[in-house]
Amino acid sequence: MSAPAGTSDAGGPLADLRVLEMGQLLAGPFCGQLLADFGAEVIKLEQPGAGDPMRQWGREKPHGLSLWWPVVARNKKSVTLNLREPAGQALARELVANADILVENFRPGTLERWGLGYDDLAATNPGIILVRVTGFGQTGPYAPRAGYGSIGEAMGGLRYVTGEPDRPPSRAGISIGDSLAGTLAAFGAVMAVHARRRTGRGQVVDSAIYEAVLAMMESLIPEYQVAGYTRERTGAILPNVAPSNVYPTADGESVLIAANQDTVFRRLAHVMDRSELAEDERYATHSARGQHQAALDDEIAAWSATLPADELLGLLDQGGVPAGRIFTAKDMLADPHFEARDAIVRLAHADFGEIAMHNVAPRLSATPGAVRHAGPELGAHNSEIYGGILGLDEDDLTRLHDDGII
């Protein structure tokens, strides 16, 4: 597919791709956000009059506007389209004929009922890549089930190992299952584009939330299958990885110190003025420290509690020991390293005046991504997309609007 008008390599490494984003909430839209961050022209199709529920989700300001929507919809273009109507489905097929990638996160079978399944779309555009993000994937006995991120986190193993050992499973404070599935979906989309350069054909990318979570679970499966060991909740530590924990300071703060490698632990012992700890048979090796993890944590906590946080961090830094505060958003906005690397960007916003959000990651030296604008108003790009891509005039747009199609 040729590059959208006005794009170039300077627009990001994906500036030659046009992406249609169907679906709503987080998993599919997060995939679209990542592709848009790196320059793809992402056209979000939203239900007329309502739009993506993410426009209302998340913590809100007193006047009721979402602070999540400007992030997850950043860099995208919004058009309205009623996919439940035959006329809307026909317009969608025309858009697909001029696109590289279609991202959707409906239940399996929904696109097929609308005449927008992969076989239907590939008949018109053999190069189309259909990215499908669901709870359980496109096949298997659970495929038809409703699948939210929290269920995928539970089935993928993350919930069971998260939290304190004497309490029920907890959760991360973010929608990590949805984001992981969206991340792997974006990775799959880019791989499919690469494959298309050799084959000339697109394919289906099937990203299931539970499998995306499972992919992050390290050696959890063989630990049980080979050794009969089931990982349990361990709170702030990883068993047998020591020292790596949160330690108190004299001024009431908490500092995370990670010195579990042998050479790093020796540096920590030197900083503590306790070099003998590195020779103690209980702590001299990685395995030994794991076996005596609690006792070692007590030794370090007794030392860290005698120093204010700034002094403690200064000593650890000078000694080459990885350590840091546990940041909140307030800390991030004030931190000089975040500022020096532009890790947070500030954008003009019609309702908020200015809105800050995380920048694009990872960083590319020659064709970097960028946050160009926050999430758009509903249907803000109807004229640009329907007129510029499909050649519809204002009369056509008025008629489609009056008929409830856009």
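Me: Where does Asp273 lie?
Reply: Bear in mind that this is a predicted model. Asp273 isn't part of a helix here; look between α10 (262-271) and α11 (286-291). The spot you want is the loop between α10 and α11.

Me: Is Asp273 buried or exposed?
Reply: The cut-off for exposed is over 50% relative accessible area. Asp273 has 67%, so it counts as exposed.

Me: What is phi of Asp273?
Reply: Most residues other than glycine have a negative phi. Asp273 goes the other way, with a positive value in a residue other than glycine. Its phi is near 60°.

Me: And Glu218, what is its phi?
Reply: Glu218 sits in the loop between α8 (209-214) and α9, and it is exposed with a relative accessible area of 63%. It isn't a glycine, yet its phi is positive, at about 55°.

Me: Which residue is joined to Pro243 by a cis peptide bond?
Reply: Pro243 is in the loop between α9 (220-227) and β7 (244-248). Most peptide bonds are trans. The bond here is cis, with omega about -5°, and the partner is Ala242.

Me: What is omega for the cis peptide bond that joins Ala361 and Pro362?
Reply: You'll find Pro362 in the loop between β11 (353-358) and α16 (382-388). The peptide bond from Ala361 to Pro362 is cis, and omega is about 0°.

Me: In β2, which residue is the bridge partner of Val19?
Reply: Val19 belongs to strand β1 (residues 18-21), where it points the same way as Glu21 and is buried. β1 pairs with β2 (residues 41-46) in the parallel sense over four bridges. Val19's partner in β2 is Val42.

Me: Which residue in β4 does Val19 stand opposite?
Reply: β1 also runs parallel to β4 (residues 101-104), with three bridges joining them. In β4, Val19 faces Ile101.

Me: Which backbone oxygen does the side chain of Gln89 reach?
Reply: Gln89 is in helix α3 (residues 86-96). At 10% relative accessibility, it counts as buried. Its side chain makes a 2.9 Å contact with the backbone oxygen of Leu83.

Me: Which residue caps the N-terminal end of helix α17?
Reply: Helix α17 covers residues 394-402. A side-chain oxygen of the capping residue lies 3.1 Å from the backbone nitrogen of Asp395, and that residue is Asp393.

Me: How much accessible area do Tyr142, Tyr148, Ile151 and Met155 have together?
Reply: Met155 is in helix α6 (residues 149-155) and counts as partly exposed at 40% relative accessibility. With the other three, Met155 forms a nonpolar surface patch of about 400 Å².

Note on methods: Residues numbered from 1 in each chain as written. Predicted model: local features only at pLDDT ≥ 70, side-chain atom pairs only at ≥ 80, totals over all residues. Heavy atoms only, no water. Buried < 20%, exposed > 50% of the residue type's maximum accessible area, 1.4 Å probe, protein only. Helix = DSSP H or I, 4+ residues; strand = E, 2+ residues; numbered from the N terminus. Pairing = 2+ DSSP bridges. Polar contact = N/O pair within 3.5 Å; in protein donor to acceptor, adjacent residues only side chain to side chain. Patch = residues over 30% accessible without salt bridge, like charges linked within 9 Å, V, L, I, M, F, W, Y side chains within 5 Å. Areas by Shrake-Rupley, 256 points an atom, 1.4 Å probe, with all protein chains shown as cover. Salt bridge = Lys/Arg side-chain N within 4 Å of Asp/Glu carboxyl O.
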